[in-house]
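Q: Could you take me on a close tour of one helix in this model, with its packing partners and its charged contacts? I would enjoy one connected walk-through, with a little of the wider chain for context.

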Amino acid sequence: MKKFIVETYYTCTFKTVHSLDSLNEKELSKIDERNDGEVEVIEVKLNNRKTRKIGDKTKSSDKEKKLDNLLSSAVSKEIVNDKNINKEVDVIKVKNKARFKMPDRRKGYIQKAQIGDHKVYLHTGEYDDGKIGEIFIDTNKEGELVKAMMNNFAIAISLGLQYGVPLDEYVDAFIDTKFEPSGNVIGNDRILSASSILDYVFRELAISYLGKESLAHTPSIVSAKDINEQTTDDKFLKIVKNITSKGFVRSNYEEKLVDLSDVRINLKSKS
């Protein structure tokens with residue numbers, strides 16, 4: 001009975017992303033020496049498969065010794081480095097498949113708006129750091145089929161966000177989509193009109209969580225006080241960020257912050 005070994009060869013394409021403080025020739029020349037980049041796997045291709053008969057272990061070991069003697073020390077070191085890189089890529093692939101589940105008790109906000117004769121309720125859920133992780137879309141005057149489709153669409157978007165899909169990708173995909181109901185928007189202070197429910201939803205999310213003011217129809221109300229000159233207690237502001245919805249305040253913690261340190265409340269009952 002003959003035995004054979006099948007060897008499979010793959011080609012892995014990946015990219016390394018670096019962040020630069022400034023774009024100049026000096027910074028670009030140092031990129032190859034930096035080790036702080038994030039590796040992203042782009043594609044894995046199957047090249048070919050080779051089949052060889054299992055022979056005597058002594059013969060195969062002799063061949064391996066001859067090959068090792070022919071290879072220089074420098075080349076052998078490069079092969080070891082390539083193996084280490086492949087292991088790192090495999091670990092990264094496993095991490096990319098991980099789902100970052102939402103906490104059981106989470107922050108978020110509810111935005112009610114009316115597009116034409118249809119009321120739309122947008123619910124959001126956030127991670128502890130303020131990033132959006134889920135959405136729910138409720139409508140009225142719709143049939144069971146449309147409500148079920150919108151509900152499952154929101155679940156699909158939420159799963160994508162929890163698996164690491166950037167909100168920017170969804171915004172670029174669904175902004176300016178056109179279908180009924182559409183028209184004037186009532187109840188949202190930043191959006192006055194929308195070409196569809198999806199256009200309204202992702203326009204609202206882009207303004208609240210990504211700070212894309214170009215998608216808003218009204219200017220942002222900014223405090224006249226210069227934020228840079230304010231003496232805000234960093235520790236107190238951090239506590240406020242942990243208990244406040246980033247989307248609800250639209251990242252304007254300093255403008256929404258109310259200092260109650262000088263307020264005195266008398267809780268003594270009258271005799």
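A: Helices here are DSSP runs of H or I with at least four residues, strands are E runs of at least two, and both are numbered from the N terminus. Counted that way, the chain has nine helices and seven strands. Please keep in mind that this is a predicted model.

Let's set the scene with the whole chain. It has 271 residues, and 25% of them count as buried. The exposed area comes to about 20,200 Å², with carbon and sulfur atoms supplying 52% of it. If we take contacts between residues at least 6 apart in sequence, 59% of them join residues at least 24 apart.

Our close look goes to helix α6, which covers residues 197–209. Two helices make good starting points for describing its surroundings.

Take helix α5, residues 167–174, to begin with: its axis and that of α6 come within 9 Å and cross at roughly 145 degrees. This crossing is left-handed. On the α5 side, the contacts are made by L167, Y170, V171 and F174. They meet L198, D199, F202, L205, A206 and Y209 of α6.

Now turn to helix α4, residues 144–162. Here the angle with α6 is about 35 degrees, and the axes are 13 Å apart. The crossing of α4 and α6 is right-handed. M150, F153 and I157 come from α4, and they meet I197, L198 and F202 of α6. If you compare the two sets of contacts, L198 and F202 turn up in the α5 list and again in the α4 list.

I197 deserves a stop of its own. This residue lies in α6, and it counts as buried because its relative accessible area is 5%, where the cut-off for buried is under 20%. Which residues does I197 touch, once neighbours within four places in sequence are left aside? The contacts are I115, V120, T139, M150, F179 and P181. M150 is also one of the α4 residues in the helix packing just described. Along the chain, I197 and E180 are 17 residues apart, and their C-alpha atoms are separated by 7.8 Å.

Further along the helix we come to R203, which is also placed in α6. R203 has a relative accessibility of 9%, so this arginine counts as buried. Setting aside residues up to four places away in sequence, R203 touches I175, D176, I191, L215 and H217.

R203 also brings us to the charged contacts. It forms a salt bridge with D199, where the closest N and O atoms are 3.0 Å apart. Both residues sit in α6, four residues apart, or about one turn of the helix. D199 is buried, as is R203. The pair does not stand alone: D176, D199 and R203 are linked in a network of salt bridges. D199 therefore has two roles to follow in your viewer, since the residue is within the salt-bridge cut-off of 4 Å and is listed among the α6 residues that meet α5.

Just past the helix there is another pair worth a look. R190 and E213 meet through their side chains in a salt bridge, at 2.4 Å from N to O. This pair links distant parts of the chain: R190 is in the loop between β6 (183–186) and β7 (193–194), while E213 is in the loop between α6 and α7 (234–243), 23 residues away. R190 counts as buried because its relative accessibility is 5%, whereas E213, with a relative accessible area of 37%, is partly exposed.

For context elsewhere, the salt bridges come to six by this rule. One of them joins E40 and K15, with the closest N and O atoms 3.8 Å apart. It links distant parts of the chain, with E40 in strand β2 and K15 in strand β1 (residues 4–17), 25 residues apart. E40 is partly exposed at a relative accessible area of 33%, and K15 is partly exposed too, at 39%.

Strand β2, residues 38–53, also holds L46. Together with Y10 and V44, L46 makes a nonpolar surface patch of about 290 Å². L46 counts as partly exposed because its relative accessibility is 43%.

Terms used. Residues are numbered from 1 along each chain as its sequence is written. This is a predicted model: local features need pLDDT of at least 70, side-chain atom pairs count only at pLDDT 80 or more; totals for chains, interfaces and linings use all residues. Side-chain values use heavy atoms; hydrogens and water are left out. Patches are made of residues with over 30% relative accessible area and no salt bridge: like charges are joined within 9 Å, nonpolar side chains (Val, Leu, Ile, Met, Phe, Trp, Tyr) within 5 Å. Accessible areas come from the Shrake-Rupley method with a 1.4 Å probe; for residues, only the protein chains shown count as cover. Buried means under 20% relative accessible area, exposed over 50%, partly exposed in between (1.4 Å probe, protein chains only). Axes are lines fitted to C-alpha atoms, for helices over the stretch in contact, and angles run from 0 to 180 degrees between N-to-C directions. A crossing is left-handed if the near helix is turned anticlockwise from the far one by less than a right angle, and right-handed if clockwise. Contact means heavy atoms within 4.5 Å.
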